[in-house]
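Reader: Please take a close look at the metal site of this structure and set it in the context of the surrounding chain. A connected account would be appreciated.

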Amino acid sequence: MNLHVLPAGPIQTNAYLLTAPERGEAVLIDAPGDVWADVAPILAKEKCKLTELWLTHGHWDHMQGGAEVVRASGAKVLAHADDRVLIERPEIMEKFMGEEMNLEAVKVDRWIAQGEKFAALGREVEVRHVPGHCPGNVLFYFAEAGAAFVGDALFNGSIGRVDFPGGDFATLESSIRAQIYTLPEKTVVFPGHGPKTTVVHERSTNPYVRG
Ligand SMILES: [Zn+2]
Ligand SMILES: [Zn+2]
């Protein structure tokens, strides 16, 4: 499995493209604006078809490019139902931001839940619900690879903002403790913005939530 880190969109949101050339398949985690322009050449080069788009949460910067990705690839979209309103009615967030962004709704094909496990690219993936930054933030955990894609719950040396609608610090703090800090300590954490980190590093040094 190959990992391509593709920061895109107006606030450099990390999209993560996972490809399995031996299977001819790929999965995209989050779809910032215009990310398809970065994804398409990699798919062509590695001869992979994008089968799924996984949204870590429904904030505009993680789904602005989603409708385009789906149109171009036919990928099925997975997300958590607690962000349903954000994903299906992005104009609400647009109003909150006070900016005209012409956000396009993304149609979710399958709603995923806490603790769910499923197979992707020949590996097992576990879904963990990590609310607090927003109601429906999830992480995708690949135990075998020791990697967790956590959206905007936890960053390298920081945590997600809690001042958007549905955000709450106490909820985020308990989510991080219960769902991220309980992963094996060497697990590599891939956040929605900025550089990667590890569970043990954040547990011992994060200024907002210590383990
Ligand atoms: Zn966010
Ligand atoms: Zn974000």
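Author: A residue is called buried here when its relative accessible area is under 20%, and exposed when that area is over 50%, with partly exposed in between. The model is a predicted one, and in it buried residues make up 53% of the 211 residues of the chain.

The zinc ion (ligand 1) has four protein donors: His57 through NE2, His59 through ND1, His133 through NE2 and Asp152 through OD. These donors lie 2.1 to 2.4 Å from the ion. The angles that the four donor atoms subtend run from 86 to 169°, and the arrangement is therefore irregular. A tetrahedral assignment would require all angles to lie between 85 and 135 degrees. In sequence, the donor residues follow the spacing H-x1-H-x73-H-x18-D.

Asp152 also serves a second metal: this residue bridges the zinc ion (ligand 1) and the zinc ion (ligand 2), and the two ions lie 3.5 Å apart. The pair His59 and Asp152 links distant parts of the chain, being 93 residues apart. His59 belongs to the loop between β4 (49-54) and α2 (60-63), whereas Asp152 belongs to the loop between β10 (147-151) and β11 (154-155). Both side of this pair can be placed by accessibility: His59 is buried, with a relative accessible area of 2%, and Asp152 is buried at 4%.

The elements that flank the His59 loop recur in the packing of helix α3. In α3 (residues 66-73), Gly66, Ala67, Val69 and Ser73 are buried. Because they cover an arc of only 160° around the axis, they lie on the same side of α3. The buried residues of this helix pack against β3 (25-29), α1 (36-46), β4 and α2. Just after α3, Gly74 adopts a positive phi of about 75°.

Strand β3, one of these packing partners, contains Glu25. Glu25 is partly exposed, with a relative accessible area of 24%. Beyond its neighbours within four places in sequence, Glu25 contacts Leu18, Thr19, Ala20, Cys48, Lys49, Thr51 and Leu121. Glu25 and Trp60 are 35 residues apart in sequence, and their C-alpha atoms are 26 Å apart in space.

The chain as a whole comprises seven helices and 14 strands. Its radius of gyration is 16 Å, which agrees with the value near 17 Å for a compact globule of 211 residues. Of the contacts between residues at least 6 apart in sequence, 60% join residues at least 24 apart.

Technical notes:
Residues numbered from 1 in each chain as written. Chains lettered and ligands numbered in written order. Predicted model: local features only at pLDDT ≥ 70, side-chain atom pairs only at ≥ 80, totals over all residues. Heavy atoms only, no water. Donors = N, O, S within 2.8 Å, 3.2 Å for Na, K, Ca; no water. Tetrahedral: all angles 85-135°; square planar, octahedral: opposite > 155°, others 65-115°. Helix = DSSP H or I, 4+ residues; strand = E, 2+ residues; numbered from the N terminus. Buried < 20%, exposed > 50% of the residue type's maximum accessible area, 1.4 Å probe, protein only. Arc of directions from axis to C-beta. Contact = heavy atoms within 4.5 Å. Rg over C-alpha atoms; globule rule 2.2 N^0.38 Å.
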